[in-house]
Amino acid sequence: MAPAAADGGAESQRQADRLKQEGNALFRKERLSAAIDAYTGGHYMLGLALVNSQRLSEGIKALEKSLELGRGAHPASYMVEEIWQELSKAKYIEWEGLSRERASQLQKLKVACKQALRNYNNLSYPAADAPDEQLDELEEIFMKAAKADTPAEVPDHLCCKITLDIFRDPVITPSGVTYERAVLLDHLQTVGKFDPVTREALEPYQLVPNLAIKEAVHAFLSEHGWAYKIR
């Protein structure tokens, strides 16, 4: 690890420890909202420290906890957006590493399978190579196996109608339209209290988490980590 990265990670760790202690003190004073803010920042800084230390898995867990706390307290805040950005970067880096490993394993397996096919055919027909159609079928099988790691378009139903980005915290309105929570809350506050698509009157308390879409997004990202890349 580069010295600059190590220094940055150490500083993030110190800030994380300080914020955790601050959160504990605020909690004892029953200042729950301020304590949650401190814990949110603490987990965030801890996540950054771990990611900078190349401990991606642990760092991602800390960032996910920070995002959970932040969304619960201030769903439309800049801090939640910042946490998501860092989490997405970490998840994408994690996917890149796993993708390279899978690609390498698939390539080795493909070479071994082609050689095994040639050996089998040589036993049956010593003077002939493996038929082209067999090799083509084998190539197609491995192309399908690698498809999940090939960047493509995110399905429209998993994207917000305003941002056109994949959902992070989807909510559904009484009109039946699903939006990104933070973006819709900002619209209601700065533009007007109406549904951006249907133009029907809308209040923040009417928003309901769309758990079905949230689960679908989670499943999609689990299989297609390339979609974490920030555009």
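This report describes the fold, dimensions and surface of a predicted protein model.

Residue numbers start from 1 along each chain as its sequence is written. In this predicted model, local features require pLDDT of at least 70 and side-chain atom pairs pLDDT 80 or more, whereas totals for chains, interfaces and linings use all residues; side-chain values rest on heavy atoms, without hydrogens and water.

The protein contains 7 helices and 3 strands, taken as DSSP runs numbered from the N terminus (helices H or I, at least four residues; strands E, at least two). Along the sequence, these elements follow the order α-α-α-α-α-β-β-α-β-α.

The radius of gyration, taken over C-alpha atoms, is compared with a globule rule of 2.2 Å times the number of residues to the power 0.38. The global values are as follows.

| Property of the protein | Value |
|---|---|
| Radius of gyration | 24 Å |
| Radius of gyration near which a compact globule of 231 residues would lie | 17 Å |
| Span of the C-alpha trace along the principal axes | about 85 × 50 × 25 Å |
| Exposed area | about 14300 Å² |

Carbon and sulfur atoms supply 55% of the exposed area, which was computed by the Shrake-Rupley method with a 1.4 Å probe. Of the 231 residues, 35% are buried, that is, under 20% relative accessible area (1.4 Å probe, protein chains only). Among contacts (heavy atoms within 4.5 Å) between residues at least 6 apart in sequence, 52% join residues at least 24 apart.

An unreviewed UniProt entry places the feature "domain: U-box" at residues 153-227; such annotations may be inferred rather than shown by experiment. The end C-alpha atoms of residues 153-227 lie 9 Å apart, and this span is 31% helix and 11% strand.

Note on methods: Buried < 20%, exposed > 50% of the residue type's maximum accessible area, 1.4 Å probe, protein only.
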